[in-house]
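Colleague: Please take a close look at the second largest pocket of this model. I would also like to know how the rest of the chain is arranged.

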Amino acid sequence: MNHPLDSTLQTLPLHRMFNEVPVRYDLMNRVITWGMDRRWRRLAARECLASSPERMLDLCCGTGDLAIEVARLSKHNIELAGLDYCQPMLDIAAGKARHPGVKRQINFVHDNAADLPFPDGHFDCVGISFAFRNLTYRNPLARQCLGETLRVLREGGSFVIVESSQPGAALTRKLFHLYLRQAVPLAGRLFSASRAAYSYLAESAARFYTREDVAGMLLESGFSRVSSRPLFFGAVAIHVAVK
C-alpha cells in the first residue's frame with residue numbers, strides 16, 4: 001500500500017522548499033531535536049578535525065553550523081568552504097560566520113552538489129550535517145552527488161556525515177517514527193510557514209536508511225572503508241567514509 005505522502009516526496013521541489021524555511025530554520029532544528037543537534041554537530045566537527053585537515057568543505061551547509069563549529073574548534077590553520085544551493089541559507093550563514101567567536105574565515109559558495117566547482121582532490125575532508133538524506137533519499141542525482149564528493153576529496157581524505165538513522169530496537173524505532181510523523185509536522189505548523197518542508201523532513205527521516213545501508217551505498221560509490229557510530233539510541237549516526 002502506498003503511503004499518502006509518496007506523491008509529495010516524489011514531486012516536492014526541494015530547492016523551493018528550502019528557500020521558504022531559512023528564517024526559522026535554526027529555531028526548528030533546536031525545537032525538533034530538543035537542542036541536541038548542536039552536540040551531534042560538534043561531535044561531527046571533531047571527527048572532521050581528527051586528521052588535522054588543511055582544507056575542508058561543509059557540503060549542503062545550510063546556515064553554516066558545521067563549518068562554523070569547525071572554525072571555532074580548530075587549533076590549526078584550515079581553509080574552510082561551505083556550499084549550498086539555497087542563497088537565503090547562505091546569507092544567514094555568512095552573517096553567523098562574522099561572529100567574533102568564529103576564528104577562521106569561511107568561503108560560502110552558491111552552487112550544486114551534483115557538479116561541485118572544485119578541482120579533483122582539493123579537500124582533505126568533506127563534512128555534511130543533516131543534509132545527506134536530501135542528497136540520497138529518492139534523489140535521482142544521488143549517485144552523481146556521491147561521485148562528486150569522492151572526486152573533490154584527496155586520497156586518504158574523509159567524508160564525515162551526521163544524519164538521522166534507524167534505531168536497531170523495534171520499540172525504539174516505532175517510538176522514533178511516531179515522534180517524527182506526529183510531533184515534527186506539528187512543530188512545523190507552529191513555528192514555520194512551510195508545512196510541506198517539515199512533513200517531508202519527518203517522512204524522509206522515518207524512511208531513511210540504516211547505518212548498514214549507508215555504508216553499502218558509500219562503498220558502492222567508491223569509498224575504500226566506512227565506519228559509523230550510533231547516537232541517541234540509534235536515531236542519529238555519524239559515518240566516516242575514507243577515499
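Modeller: Helices are DSSP runs of H or I with at least four residues, strands are runs of E with at least two, and both are numbered from the N terminus. By that count the chain holds 11 helices and seven strands. The model is predicted, so local features need pLDDT of at least 70 and side-chain atom pairs pLDDT 80 or more, whereas totals for chains, interfaces and linings use all residues. Residues are numbered from 1 along each chain as its sequence is written, and side-chain values use heavy atoms, without hydrogens or water.

The average pLDDT (the predictor's confidence in each residue, 0 to 100) is 89 for the chain, and 89% of the residues score at least 70. Residues 1-13 stay under 50, and the model gives this stretch 15 contacts (heavy atoms within 4.5 Å) beyond four places in sequence. Where pLDDT is low, predicted coordinates should not be read in detail.

The second largest pocket (on a 1 Å grid, an open set of points for a 1.4 Å probe, with protein on both sides within 12 Å along at least five of seven lines; lining residues have an atom within 4 Å of a point) has about 220 Å³ of space, taken as the space filled by probe spheres set on points joined across faces, edges and corners. Its lining consists of Asp26, Arg30, Arg38, Arg41, Arg42, Asp65, Ile68, Glu69, Arg72 and Lys96. Two or more of these residues come from each of α3 (22-32), α4 (37-49) and α5 (65-73). By class, nine lining residues are charged (Asp, Glu, Lys, Arg), one is nonpolar (Ala, Val, Leu, Ile, Met, Phe, Trp, Tyr, Cys, Pro) and none is polar (the others, Gly among them).

Helix α5 contributes the most to this lining, with four residues. Seven of the nine residues in α5 are buried, which means under 20% relative accessible area, against over 50% for exposed and in between for partly exposed (1.4 Å probe, protein chains only). The buried residues of α5 are Asp65, Leu66, Ala67, Ile68, Glu69, Val70 and Ala71.

Trp34 sits in the loop that joins α3 to α4. Trp34 is exposed at 58% relative accessible area, and its phi is positive, near 60°, although the residue is not a glycine. Most residues other than glycine have a negative phi. Arg138 has a positive phi as well, of about 55°. Arg138 belongs to the loop between α7 (132-136) and α8 (142-152) and is partly exposed, with a relative accessible area of 39%.

As for the rest of the chain, 53% of its 243 residues are buried. Among contacts with a sequence separation of 6 or more, 77% join residues 24 or more positions apart. The largest nonpolar core (buried Ala, Val, Leu, Ile, Met, Phe, Trp, Tyr and Cys residues joined through side-chain atoms within 4.5 Å) has 30 residues, of which Leu59, Ile128, Phe132, Phe159 and Leu218 touch the most other members. At least two residues of this core come from each of β1 (55-59), β2 (79-84), β4 (123-129), α7, α8, β5 (153-164) and α11 (211-220). Helix α8 supplies the largest share, four residues. A second core is separate from this one and has 29 residues, including Leu43, Ala71, Val102 and Ile106.

Phe159 illustrates the packing of the largest core. Beyond four places in sequence, Phe159 touches Val126, Ile128, Phe132, Leu146, Thr149, Leu153, Leu218, Phe223, His239, Val240 and Ala241. His239 lies in strand β7 (residues 236-242) and is buried at 2% relative accessibility. With residues up to four places away left out, the contacts of His239 are Phe159, Val160, Ile161, Arg211, Val214, Ser227 and Ser228.

The loop between β6 (225-231) and β7 holds Gly234, which counts as buried at 10% relative accessibility. Gly234 and Gln166 are 68 residues apart in sequence, yet their C-alpha atoms are 6.0 Å apart. Outside its neighbours within four places in sequence, Gly234 contacts Ser165, Gln166 and Pro167.

Arg207 is placed in the loop between α10 (195-206) and α11 and is partly exposed, at 25% relative accessible area. The C-alpha atoms of Arg207 and His177 are 8.7 Å apart, with their positions 30 residues apart in sequence.
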